[in-house]
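Visitor: I would like to learn how to read side-chain features from a model. Where should we begin?

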Amino acid sequence: MSFNGSALPENLVPDDASPEWMSKADNAWQLTAATLVGLQSVPGLVILYGSIVKKKWAVNSAFMALYAFAAVLVCWVGWGYQMSFGKKMIHFWGRPDVSLDENFLLSRAFAGYLPNATMVYFQFVFAAITLILIAGALLGRMNFHAWMLFVPLWMTFSYTIGAYSIWCPEGWLAKLGIIDYSGGFVIHLSSGVAGFTAAYWVGPRATKDRERFPPNNILLMLAGAGLLWMGWTGFNGGDPYNAGIDASLAVLNTHVCTATSLLTWLILDILFFGKPSVIGATQGMITGLVCITPAAGVVQGWAAILMGMMSGSIPWYTMMVLHKKIPMLKRVDDTMAVFHTHAVAGSLGGILAGFFANPKLNRIFYLVDDWEHYIGLAYGFQSNRASAGFRQMGVQLLGISFVIALNIFTTSVICVLIRIVVPLRLTDEELQTGDDAIHGEEAYALWGDGEKYESRINSAYGAEDFPPAVSKGELEMA
(Lines give C-alpha, C1' and ligand atoms only; values in the text may rest on other atoms or scores of the structure.)
Protein backbone atom coordinates (compact mmCIF):
# COMPACT_ATOMS: atom_id res chain seq x y z
CA MET A 1 0.00 0.00 0.00
CA SER A 2 1.40 3.35 -1.01
CA PHE A 3 1.35 6.48 1.11
CA ASN A 4 1.54 10.04 -0.06
CA GLY A 5 3.81 11.45 2.58
CA SER A 6 0.88 12.11 4.90
CA ALA A 7 0.55 8.64 6.45
CA LEU A 8 -2.75 8.21 4.57
CA PRO A 9 -3.60 5.53 2.04
CA GLU A 10 -3.54 6.94 -1.47
CA ASN A 11 -7.31 6.63 -1.88
CA LEU A 12 -7.88 8.81 1.20
CA VAL A 13 -5.59 11.67 0.28
CA PRO A 14 -7.75 14.80 -0.27
CA ASP A 15 -8.04 16.21 -3.77
CA ASP A 16 -10.46 18.36 -5.78
CA ALA A 17 -12.96 15.50 -6.11
CA SER A 18 -12.68 14.49 -2.46
CA PRO A 19 -12.21 17.54 -0.17
CA GLU A 20 -10.61 17.00 3.22
CA TRP A 21 -13.91 17.75 4.99
CA MET A 22 -15.80 14.99 3.15
CA SER A 23 -16.03 11.37 4.28
CA LYS A 24 -16.22 9.02 1.31
CA ALA A 25 -17.85 6.32 3.41
CA ASP A 26 -20.49 8.63 4.86
CA ASN A 27 -21.23 10.13 1.46
CA ALA A 28 -21.59 6.70 -0.13
CA TRP A 29 -23.97 5.53 2.60
CA GLN A 30 -25.99 8.76 2.44
CA LEU A 31 -26.52 8.42 -1.30
CA THR A 32 -27.48 4.78 -0.82
CA ALA A 33 -29.89 5.61 1.99
CA ALA A 34 -31.49 8.36 -0.08
CA THR A 35 -31.99 5.98 -2.98
CA LEU A 36 -33.58 3.40 -0.68
CA VAL A 37 -36.06 6.05 0.47
CA GLY A 38 -36.68 7.04 -3.14
CA LEU A 39 -37.45 3.40 -3.98
CA GLN A 40 -40.10 3.42 -1.25
CA SER A 41 -41.99 5.93 -3.38
CA VAL A 42 -40.98 4.89 -6.90
CA PRO A 43 -41.81 2.10 -7.40
CA GLY A 44 -42.88 1.13 -3.84
CA LEU A 45 -45.92 3.31 -3.19
CA VAL A 46 -46.69 3.51 -6.91
CA ILE A 47 -47.16 -0.28 -6.85
CA LEU A 48 -48.90 -0.29 -3.48
CA TYR A 49 -51.42 2.39 -4.45
CA GLY A 50 -52.01 0.95 -7.89
CA SER A 51 -52.81 -2.50 -6.49
CA ILE A 52 -54.63 -1.83 -3.23
CA VAL A 53 -57.44 0.13 -4.90
CA LYS A 54 -60.37 -1.01 -7.02
CA LYS A 55 -59.37 -1.99 -10.54
CA LYS A 56 -60.86 1.09 -12.20
CA TRP A 57 -58.66 3.37 -10.05
CA ALA A 58 -55.31 1.56 -10.49
CA VAL A 59 -53.77 3.91 -13.08
CA ASN A 60 -54.98 7.11 -11.40
CA SER A 61 -53.78 6.05 -7.94
CA ALA A 62 -50.33 4.99 -9.15
CA PHE A 63 -49.95 8.12 -11.27
CA MET A 64 -50.81 10.44 -8.37
CA ALA A 65 -47.75 9.04 -6.59
CA LEU A 66 -45.48 9.23 -9.64
CA TYR A 67 -46.50 12.80 -10.44
CA ALA A 68 -45.89 13.95 -6.86
CA PHE A 69 -42.38 12.49 -6.88
CA ALA A 70 -41.44 14.42 -10.03
CA ALA A 71 -43.16 17.67 -9.09
CA VAL A 72 -41.63 17.82 -5.62
CA LEU A 73 -38.09 17.44 -6.99
CA VAL A 74 -38.41 20.43 -9.32
CA CYS A 75 -39.89 22.57 -6.52
CA TRP A 76 -37.30 21.27 -4.05
CA VAL A 77 -34.25 22.39 -6.00
CA GLY A 78 -36.06 25.56 -7.08
CA TRP A 79 -36.86 26.86 -3.60
CA GLY A 80 -38.02 24.11 -1.19
CA TYR A 81 -34.67 22.95 0.18
CA GLN A 82 -33.52 26.45 1.10
CA MET A 83 -36.88 27.18 2.74
CA SER A 84 -36.44 24.05 4.84
CA PHE A 85 -32.73 24.12 5.65
CA GLY A 86 -31.31 27.41 4.34
CA LYS A 87 -30.83 30.89 5.71
CA LYS A 88 -33.38 32.08 8.25
CA MET A 89 -36.22 34.26 7.02
CA ILE A 90 -38.37 34.07 10.16
CA HIS A 91 -38.05 31.80 13.17
CA PHE A 92 -40.06 28.98 11.55
CA TRP A 93 -39.23 29.41 7.87
CA GLY A 94 -36.17 29.64 5.65
CA ARG A 95 -35.56 32.10 2.84
CA PRO A 96 -36.54 30.87 -0.68
CA ASP A 97 -33.56 30.31 -2.97
CA VAL A 98 -32.40 27.90 -5.64
CA SER A 99 -30.23 24.85 -4.94
CA LEU A 100 -28.69 24.44 -8.38
CA ASP A 101 -25.50 26.48 -8.23
CA GLU A 102 -22.26 24.50 -8.51
CA ASN A 103 -20.54 26.43 -5.72
CA PHE A 104 -23.38 25.66 -3.33
CA LEU A 105 -23.89 22.02 -4.28
CA LEU A 106 -20.21 21.11 -3.97
CA SER A 107 -19.65 22.87 -0.65
CA ARG A 108 -20.12 21.25 2.78
CA ALA A 109 -23.67 20.66 4.03
CA PHE A 110 -25.05 22.04 7.29
CA ALA A 111 -24.51 18.65 8.97
CA GLY A 112 -22.24 15.66 8.51
CA TYR A 113 -19.20 15.23 6.30
CA LEU A 114 -21.25 15.56 3.13
CA PRO A 115 -21.60 17.90 0.15
CA ASN A 116 -24.78 19.91 -0.23
CA ALA A 117 -25.67 17.96 -3.38
CA THR A 118 -26.02 14.79 -1.31
CA MET A 119 -28.04 16.54 1.40
CA VAL A 120 -30.40 18.13 -1.13
CA TYR A 121 -31.03 14.71 -2.69
CA PHE A 122 -31.49 13.00 0.67
CA GLN A 123 -33.95 15.57 1.97
CA PHE A 124 -35.85 15.60 -1.33
CA VAL A 125 -36.92 11.96 -1.07
CA PHE A 126 -38.40 12.67 2.36
CA ALA A 127 -40.37 15.64 1.05
CA ALA A 128 -41.61 13.57 -1.90
CA ILE A 129 -42.84 10.64 0.15
CA THR A 130 -44.75 13.02 2.44
CA LEU A 131 -46.88 14.24 -0.48
CA ILE A 132 -47.36 10.69 -1.72
CA LEU A 133 -48.60 9.63 1.72
CA ILE A 134 -51.14 12.46 1.61
CA ALA A 135 -52.36 11.09 -1.71
CA GLY A 136 -53.31 7.87 0.08
CA ALA A 137 -56.19 9.67 1.78
CA LEU A 138 -57.50 11.04 -1.53
CA LEU A 139 -57.44 8.02 -3.83
CA GLY A 140 -60.49 7.27 -5.91
CA ARG A 141 -62.03 10.72 -6.37
CA MET A 142 -59.66 13.71 -6.43
CA ASN A 143 -59.47 15.72 -9.65
CA PHE A 144 -55.98 15.09 -11.04
CA HIS A 145 -55.63 18.72 -12.12
CA ALA A 146 -56.37 19.80 -8.57
CA TRP A 147 -53.73 17.34 -7.34
CA MET A 148 -51.24 18.90 -9.76
CA LEU A 149 -51.78 22.23 -8.04
CA PHE A 150 -51.96 20.84 -4.51
CA VAL A 151 -48.52 19.19 -4.56
CA PRO A 152 -46.31 22.28 -5.12
CA LEU A 153 -48.50 24.49 -2.94
CA TRP A 154 -48.50 22.14 0.05
CA MET A 155 -44.79 21.43 -0.25
CA THR A 156 -44.10 25.17 -0.28
CA PHE A 157 -46.44 26.41 2.42
CA SER A 158 -46.66 23.49 4.82
CA TYR A 159 -43.81 20.98 4.51
CA THR A 160 -41.07 23.58 4.49
CA ILE A 161 -42.39 25.21 7.68
CA GLY A 162 -42.46 21.90 9.56
CA ALA A 163 -39.06 20.83 8.30
CA TYR A 164 -37.40 24.15 9.16
CA SER A 165 -39.00 24.34 12.61
CA ILE A 166 -38.07 20.81 13.65
CA TRP A 167 -35.03 19.71 11.62
CA CYS A 168 -33.11 22.86 10.74
CA PRO A 169 -30.64 23.78 13.51
CA GLU A 170 -32.11 27.31 13.46
CA GLY A 171 -35.71 26.12 13.83
CA TRP A 172 -37.57 27.09 16.98
CA LEU A 173 -38.58 23.55 17.93
CA ALA A 174 -35.11 22.27 17.15
CA LYS A 175 -33.68 24.81 19.57
CA LEU A 176 -36.14 23.70 22.24
CA GLY A 177 -34.76 20.17 21.88
CA ILE A 178 -37.58 18.26 20.19
CA ILE A 179 -36.74 14.65 19.38
CA ASP A 180 -37.80 13.68 15.86
CA TYR A 181 -35.15 11.27 14.72
CA SER A 182 -36.34 10.74 11.17
CA GLY A 183 -39.73 12.32 10.54
CA GLY A 184 -42.43 11.14 12.92
CA PHE A 185 -43.56 14.78 13.12
CA VAL A 186 -42.28 16.31 9.88
CA ILE A 187 -43.44 13.49 7.61
CA HIS A 188 -45.96 11.15 9.22
CA LEU A 189 -47.97 13.34 11.55
CA SER A 190 -47.98 16.04 8.86
CA SER A 191 -49.15 13.70 6.10
CA GLY A 192 -51.77 12.07 8.33
CA VAL A 193 -53.33 15.38 9.39
CA ALA A 194 -52.99 16.98 5.97
CA GLY A 195 -54.41 13.92 4.22
CA PHE A 196 -57.41 13.78 6.55
CA THR A 197 -58.01 17.53 6.19
CA ALA A 198 -57.74 17.40 2.40
CA ALA A 199 -60.11 14.41 2.32
CA TYR A 200 -62.64 16.53 4.20
CA TRP A 201 -62.47 19.30 1.59
CA VAL A 202 -62.36 17.02 -1.46
CA GLY A 203 -65.35 14.96 -0.35
CA PRO A 204 -65.99 11.21 -0.40
CA ARG A 205 -65.68 8.60 -3.11
CA ALA A 206 -68.74 7.43 -5.02
CA THR A 207 -71.14 5.60 -2.70
CA LYS A 208 -70.59 2.29 -4.47
CA ASP A 209 -66.80 2.64 -4.17
CA ARG A 210 -66.98 3.61 -0.53
CA GLU A 211 -69.12 0.56 0.28
CA ARG A 212 -67.00 -1.88 -1.72
CA PHE A 213 -63.38 -1.11 -2.63
CA PRO A 214 -61.53 -4.43 -3.02
CA PRO A 215 -57.82 -4.47 -3.95
CA ASN A 216 -57.26 -5.40 -7.57
CA ASN A 217 -54.06 -7.33 -6.83
CA ILE A 218 -53.08 -8.30 -3.28
CA LEU A 219 -49.83 -9.94 -4.38
CA LEU A 220 -48.65 -6.70 -6.02
CA MET A 221 -49.79 -4.86 -2.91
CA LEU A 222 -47.45 -7.04 -0.87
CA ALA A 223 -44.61 -6.31 -3.30
CA GLY A 224 -45.13 -2.59 -2.79
CA ALA A 225 -45.38 -3.06 0.96
CA GLY A 226 -42.13 -5.04 0.93
CA LEU A 227 -40.32 -2.23 -0.88
CA LEU A 228 -41.73 0.20 1.67
CA TRP A 229 -40.52 -1.91 4.61
CA MET A 230 -37.02 -2.62 3.38
CA GLY A 231 -36.60 0.93 2.09
CA TRP A 232 -37.04 2.10 5.68
CA THR A 233 -33.48 0.89 6.22
CA GLY A 234 -32.42 4.08 4.47
CA PHE A 235 -35.28 6.13 5.91
CA ASN A 236 -34.08 5.76 9.50
CA GLY A 237 -30.54 4.54 8.89
CA GLY A 238 -29.61 7.66 6.95
CA ASP A 239 -30.57 10.29 9.49
CA PRO A 240 -27.40 10.34 11.58
CA TYR A 241 -25.76 11.61 8.35
CA ASN A 242 -22.93 9.14 8.86
CA ALA A 243 -22.23 5.44 8.59
CA GLY A 244 -21.76 5.06 12.34
CA ILE A 245 -23.04 2.93 15.18
CA ASP A 246 -26.19 4.98 15.64
CA ALA A 247 -27.23 4.24 12.06
CA SER A 248 -26.83 0.53 12.77
CA LEU A 249 -28.95 0.76 15.91
CA ALA A 250 -31.63 2.76 14.08
CA VAL A 251 -31.89 0.15 11.33
CA LEU A 252 -32.21 -2.77 13.73
CA ASN A 253 -34.75 -0.98 15.94
CA THR A 254 -36.78 -0.11 12.85
CA HIS A 255 -37.17 -3.72 11.76
CA VAL A 256 -37.73 -5.05 15.28
CA CYS A 257 -40.52 -2.57 15.97
CA THR A 258 -42.12 -3.17 12.58
CA ALA A 259 -42.16 -6.94 12.93
CA THR A 260 -43.62 -6.69 16.43
CA SER A 261 -46.30 -4.27 15.25
CA LEU A 262 -47.29 -6.49 12.31
CA LEU A 263 -47.62 -9.53 14.56
CA THR A 264 -49.60 -7.59 17.16
CA TRP A 265 -52.06 -6.32 14.54
CA LEU A 266 -52.34 -9.82 13.06
CA ILE A 267 -53.13 -11.38 16.43
CA LEU A 268 -55.81 -8.77 17.13
CA ASP A 269 -57.41 -9.43 13.74
CA ILE A 270 -57.51 -13.17 14.46
CA LEU A 271 -58.88 -12.71 17.97
CA PHE A 272 -61.66 -10.30 17.01
CA PHE A 273 -62.46 -11.20 13.40
CA GLY A 274 -61.39 -14.83 13.18
CA LYS A 275 -59.19 -14.46 10.09
CA PRO A 276 -55.57 -13.38 9.51
CA SER A 277 -55.98 -10.42 7.15
CA VAL A 278 -53.17 -9.66 4.72
CA ILE A 279 -54.35 -6.06 4.37
CA GLY A 280 -54.50 -5.79 8.16
CA ALA A 281 -50.96 -7.12 8.50
CA THR A 282 -49.81 -4.50 5.98
CA GLN A 283 -51.46 -1.78 8.06
CA GLY A 284 -49.70 -3.13 11.15
CA MET A 285 -46.41 -3.06 9.29
CA ILE A 286 -46.94 0.58 8.34
CA THR A 287 -47.89 1.70 11.87
CA GLY A 288 -44.76 0.02 13.23
CA LEU A 289 -42.54 1.78 10.71
CA VAL A 290 -44.18 5.11 11.45
CA CYS A 291 -44.10 4.76 15.23
CA ILE A 292 -40.38 3.94 15.48
CA THR A 293 -39.36 6.71 13.07
CA PRO A 294 -39.12 9.61 15.57
CA ALA A 295 -37.16 7.43 18.01
CA ALA A 296 -35.24 4.87 15.92
CA GLY A 297 -31.68 5.71 16.96
CA VAL A 298 -32.29 7.07 20.46
CA VAL A 299 -34.08 4.14 22.14
CA GLN A 300 -32.90 0.71 23.18
CA GLY A 301 -34.01 -2.56 21.58
CA TRP A 302 -36.41 -3.48 24.38
CA ALA A 303 -38.12 -0.11 23.92
CA ALA A 304 -38.49 -0.83 20.20
CA ILE A 305 -40.34 -4.04 21.11
CA LEU A 306 -42.70 -2.17 23.44
CA MET A 307 -43.25 0.52 20.82
CA GLY A 308 -44.11 -2.19 18.29
CA MET A 309 -46.69 -3.69 20.61
CA MET A 310 -48.32 -0.31 21.11
CA SER A 311 -48.15 0.68 17.43
CA GLY A 312 -49.82 -2.60 16.51
CA SER A 313 -52.64 -2.16 19.02
CA ILE A 314 -53.46 1.54 19.58
CA PRO A 315 -53.88 2.49 15.88
CA TRP A 316 -55.74 -0.83 15.43
CA TYR A 317 -58.17 0.28 18.13
CA THR A 318 -58.64 3.76 16.66
CA MET A 319 -59.20 2.30 13.18
CA MET A 320 -61.39 -0.67 14.06
CA VAL A 321 -63.34 0.69 17.05
CA LEU A 322 -63.18 4.46 17.49
CA HIS A 323 -63.51 5.14 13.76
CA LYS A 324 -67.01 3.66 13.83
CA LYS A 325 -68.06 5.66 16.88
CA ILE A 326 -66.74 9.17 16.23
CA PRO A 327 -68.94 11.07 13.74
CA MET A 328 -66.10 13.13 12.24
CA LEU A 329 -64.00 10.05 11.51
CA LYS A 330 -67.00 8.34 9.90
CA ARG A 331 -67.83 11.38 7.81
CA VAL A 332 -64.41 11.94 6.25
CA ASP A 333 -63.52 9.40 3.55
CA ASP A 334 -59.85 8.63 4.22
CA THR A 335 -59.22 5.98 1.54
CA MET A 336 -56.03 4.46 2.95
CA ALA A 337 -56.77 5.27 6.62
CA VAL A 338 -53.80 7.65 6.61
CA PHE A 339 -55.12 9.36 9.73
CA HIS A 340 -54.75 6.16 11.76
CA THR A 341 -51.58 4.77 10.20
CA HIS A 342 -49.66 8.05 10.11
CA ALA A 343 -51.25 10.73 12.30
CA VAL A 344 -52.09 8.42 15.22
CA ALA A 345 -48.97 6.26 14.87
CA GLY A 346 -46.74 9.30 14.31
CA SER A 347 -48.09 11.06 17.41
CA LEU A 348 -47.68 7.86 19.39
CA GLY A 349 -44.07 7.54 18.28
CA GLY A 350 -43.34 11.17 19.17
CA ILE A 351 -44.74 10.71 22.67
CA LEU A 352 -42.89 7.43 23.21
CA ALA A 353 -39.67 9.02 21.98
CA GLY A 354 -40.11 11.56 24.76
CA PHE A 355 -40.52 8.71 27.23
CA PHE A 356 -37.91 6.13 26.13
CA ALA A 357 -35.14 8.36 24.71
CA ASN A 358 -31.80 7.28 26.19
CA PRO A 359 -29.43 10.17 27.13
CA LYS A 360 -26.34 8.25 25.95
CA LEU A 361 -27.90 7.50 22.57
CA ASN A 362 -29.03 11.11 22.27
CA ARG A 363 -25.45 12.22 22.82
CA ILE A 364 -24.23 9.89 20.07
CA PHE A 365 -26.92 11.06 17.65
CA TYR A 366 -27.02 14.81 18.21
CA LEU A 367 -23.28 15.32 18.81
CA VAL A 368 -23.87 18.78 20.30
CA ASP A 369 -22.57 20.39 23.48
CA ASP A 370 -26.01 20.74 25.07
CA TRP A 371 -27.07 17.13 24.44
CA GLU A 372 -28.05 16.67 28.12
CA HIS A 373 -31.45 18.28 27.62
CA TYR A 374 -32.43 15.37 25.33
CA ILE A 375 -33.68 12.88 27.91
CA GLY A 376 -36.70 10.58 27.98
CA LEU A 377 -39.04 10.75 30.95
CA ALA A 378 -38.23 7.16 31.93
CA TYR A 379 -34.53 8.02 32.26
CA GLY A 380 -35.41 11.27 33.98
CA PHE A 381 -37.00 9.24 36.78
CA GLN A 382 -34.05 6.82 36.82
CA SER A 383 -31.41 9.57 37.12
CA ASN A 384 -33.35 11.85 39.46
CA ARG A 385 -33.88 14.34 36.63
CA ALA A 386 -37.63 14.03 36.42
CA SER A 387 -38.07 17.72 35.69
CA ALA A 388 -35.87 17.39 32.58
CA GLY A 389 -37.88 14.36 31.50
CA PHE A 390 -41.18 16.19 31.93
CA ARG A 391 -39.73 19.12 30.00
CA GLN A 392 -38.84 16.78 27.14
CA MET A 393 -42.34 15.34 27.14
CA GLY A 394 -43.75 18.87 27.06
CA VAL A 395 -41.62 19.74 24.04
CA GLN A 396 -42.84 16.60 22.26
CA LEU A 397 -46.48 17.49 22.94
CA LEU A 398 -45.85 21.07 21.82
CA GLY A 399 -44.42 19.73 18.56
CA ILE A 400 -47.49 17.54 18.00
CA SER A 401 -49.82 20.47 18.63
CA PHE A 402 -47.85 22.73 16.28
CA VAL A 403 -47.81 20.21 13.43
CA ILE A 404 -51.53 19.49 13.77
CA ALA A 405 -52.49 23.19 13.81
CA LEU A 406 -50.12 24.02 10.96
CA ASN A 407 -51.45 21.32 8.66
CA ILE A 408 -55.13 21.85 9.38
CA PHE A 409 -54.74 25.55 8.60
CA THR A 410 -52.43 25.41 5.56
CA THR A 411 -54.15 22.42 3.97
CA SER A 412 -57.58 24.01 4.37
CA VAL A 413 -56.43 27.30 2.85
CA ILE A 414 -54.76 25.52 -0.07
CA CYS A 415 -57.84 23.39 -0.81
CA VAL A 416 -60.17 26.40 -0.66
CA LEU A 417 -57.94 28.36 -3.05
CA ILE A 418 -57.58 25.46 -5.49
CA ARG A 419 -61.32 24.90 -5.77
CA ILE A 420 -61.68 28.48 -6.98
CA VAL A 421 -59.61 27.46 -10.02
CA VAL A 422 -60.59 23.82 -10.60
CA PRO A 423 -62.98 21.41 -8.84
CA LEU A 424 -61.34 19.33 -6.12
CA ARG A 425 -63.51 16.30 -6.82
CA LEU A 426 -64.16 14.47 -10.06
CA THR A 427 -67.59 14.56 -11.66
CA ASP A 428 -70.10 11.79 -11.00
CA GLU A 429 -69.58 10.45 -14.52
CA GLU A 430 -65.80 10.30 -14.03
CA LEU A 431 -66.27 8.64 -10.63
CA GLN A 432 -68.38 5.97 -12.27
CA THR A 433 -65.81 5.19 -14.98
CA GLY A 434 -62.46 5.82 -13.29
CA ASP A 435 -59.15 5.58 -15.14
CA ASP A 436 -60.53 5.52 -18.68
CA ALA A 437 -62.45 8.78 -18.17
CA ILE A 438 -59.54 10.56 -16.47
CA HIS A 439 -56.47 9.32 -18.35
CA GLY A 440 -57.86 7.45 -21.34
CA GLU A 441 -55.92 4.44 -20.10
CA GLU A 442 -56.72 1.36 -18.05
CA ALA A 443 -54.51 -0.92 -15.98
CA TYR A 444 -55.80 -4.25 -17.26
CA ALA A 445 -56.88 -5.50 -20.68
CA LEU A 446 -59.67 -7.98 -20.09
CA TRP A 447 -59.73 -9.52 -23.53
CA GLY A 448 -57.11 -10.34 -26.17
CA ASP A 449 -54.09 -8.15 -26.79
CA GLY A 450 -55.19 -4.92 -25.20
CA GLU A 451 -58.75 -5.15 -26.47
CA LYS A 452 -61.54 -4.40 -24.02
CA TYR A 453 -64.06 -7.08 -23.23
CA GLU A 454 -67.56 -5.66 -23.46
CA SER A 455 -69.56 -7.26 -20.67
CA ARG A 456 -73.19 -8.12 -21.30
CA ILE A 457 -73.98 -8.16 -17.60
CA ASN A 458 -76.91 -5.95 -16.65
CA SER A 459 -77.23 -5.96 -12.90
CA ALA A 460 -76.66 -3.83 -9.83
CA TYR A 461 -73.04 -4.97 -9.66
CA GLY A 462 -70.18 -4.24 -12.02
CA ALA A 463 -68.38 -6.97 -13.89
CA GLU A 464 -65.30 -6.32 -11.78
CA ASP A 465 -67.19 -7.39 -8.67
CA PHE A 466 -68.90 -10.46 -10.13
CA PRO A 467 -67.19 -11.85 -13.27
CA PRO A 468 -69.42 -13.67 -15.79
CA ALA A 469 -69.89 -17.37 -15.24
CA VAL A 470 -68.05 -19.72 -17.60
CA SER A 471 -69.95 -22.73 -18.89
CA LYS A 472 -68.52 -26.21 -18.55
CA GLY A 473 -68.12 -26.49 -22.31
CA GLU A 474 -66.22 -23.21 -22.56
CA LEU A 475 -64.02 -24.25 -19.65
CA GLU A 476 -63.14 -27.56 -21.38
CA MET A 477 -62.33 -25.72 -24.63
CA ALA A 478 -60.07 -23.34 -22.72
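Guide: Begin with cysteines: a disulfide is a pair of cysteine sulfur atoms within 2.5 Å. Keep in mind that this is a predicted model.

Visitor: How many disulfides does the structure hold?

Guide: Zero. Take Cys257: its closest cysteine sulfur is in Cys291, 5.2 Å away, which is too far for a bond. For Cys415 the closest cysteine sulfur belongs to Cys75, at 17 Å, again too far for a bond.

Visitor: Is Cys257 buried or exposed, and what about Cys415?

Guide: Buried means under 20% relative accessible area. Cys257 has a relative accessible area of 0%, so it is buried. Cys415 is buried as well, with a value of 0%.

Visitor: How do I read a salt bridge?

Guide: Look for a side-chain nitrogen of Lys or Arg within 4 Å of a carboxyl oxygen of Asp or Glu. By this rule the structure has six salt bridges. In one of them, the side chains of Asp209 and Lys56 meet, with N to O at 3.4 Å.

Visitor: Which parts of the chain does the pair of Asp209 and Lys56 tie together?

Guide: Asp209 is in helix α8 (residues 207-211), and Lys56 is in the loop between α1 (24-52) and α2 (58-85), so the pair links parts that are 153 residues apart in sequence. Asp209 and Lys56 are both buried.

Visitor: Where does Arg210 find its salt-bridge partner?

Guide: In Asp333, with the closest N and O atoms 3.7 Å apart. Arg210 belongs to helix α8 and Asp333 to the loop between α14 (327-331) and α15 (338-356), so this pair ties together parts 123 residues apart in sequence. The two ends are placed as follows: Asp333 is buried, at 3% relative accessible area, whereas Arg210 is partly exposed, at 33%. Salt bridges with shared partners also join Lys54, Lys56 and Asp209 into one network.

Visitor: What does Lys175 form with Glu170?

Guide: A salt bridge, in which the closest N and O atoms are 3.4 Å apart. Glu170 is partly exposed, with a relative accessible area of 38%.

Visitor: Now rings. How do I classify a pair of them?

Guide: Use the angle between the planes: under 30 degrees counts as stacked, over 60 as edge-to-face. The count here comes to 29 aromatic pairs. Phe92 and Trp93 are stacked, with 6.4 Å centre to centre and 20° between the planes. Phe92 is partly exposed at 26% relative accessibility, while Trp93 is buried at 14%.

Visitor: How are the rings of Trp302 and Phe356 arranged: stacked or edge-to-face?

Guide: Their planes are at 90° and their centres 5.6 Å apart, so the pair is edge-to-face. Trp302 lies in helix α12 and Phe356 in helix α15, so the contact ties together parts that are 54 residues apart in sequence. Trp302 is partly exposed, with a relative accessible area of 43%; Phe356 is buried, at 6%.

Visitor: Which residue lies over the face of Phe213?

Guide: Arg205 does, at 4.5 Å from the ring centre.

Visitor: What should I look for in the interior?

Guide: In soluble globular proteins, nonpolar side chains tend to be buried together. In this model the largest nonpolar core has 105 residues, and within it Trp147, Phe150 and Tyr159 touch the most other members. Setting aside neighbours within four places in sequence, Trp147 has contacts that include Met64, Tyr67, Leu131, Ile134 and Met142. Another core lies apart from that one; it has 21 residues, among them Ala250, Ala295, Leu352 and Phe365.

Visitor: One last residue: where is Pro294 found, and what does Pro294 touch?

Guide: Pro294 is in the loop between α11 (278-292) and α12 (301-311). A loop position does not by itself settle accessibility, so check the value: Pro294 counts as buried, at 0% relative accessibility. Not counting residues up to four places away in sequence, Pro294 touches nine listed residues' worth of neighbours, including Ile179, Asp180, Tyr181, Gly346 and Ala353. The C-alpha atoms of Pro294 and Thr427 are separated by 40 Å, and the two residues are 133 apart along the chain.

Notes:
Residues are numbered from 1 along each chain as its sequence is written. This is a predicted model: local features need pLDDT of at least 70, side-chain atom pairs count only at pLDDT 80 or more; totals for chains, interfaces and linings use all residues. Side-chain values use heavy atoms; hydrogens and water are left out. Buried means under 20% relative accessible area, exposed over 50%, partly exposed in between (1.4 Å probe, protein chains only). Helices (H or I, at least four residues) and strands (E, at least two) are DSSP runs, numbered from the N terminus. Contact means heavy atoms within 4.5 Å. Rings of Phe, Tyr and Trp (its six-membered ring) pair if their centres lie within 6.5 Å; planes under 30 degrees apart count as stacked, over 60 as edge-to-face and the rest as tilted. A charge sits over a ring if NZ of Lys or CZ of Arg is within 6 Å of the ring centre and within 35 degrees of the ring normal. A nonpolar core is a set of buried Ala, Val, Leu, Ile, Met, Phe, Trp, Tyr and Cys residues joined through side-chain atoms within 4.5 Å.
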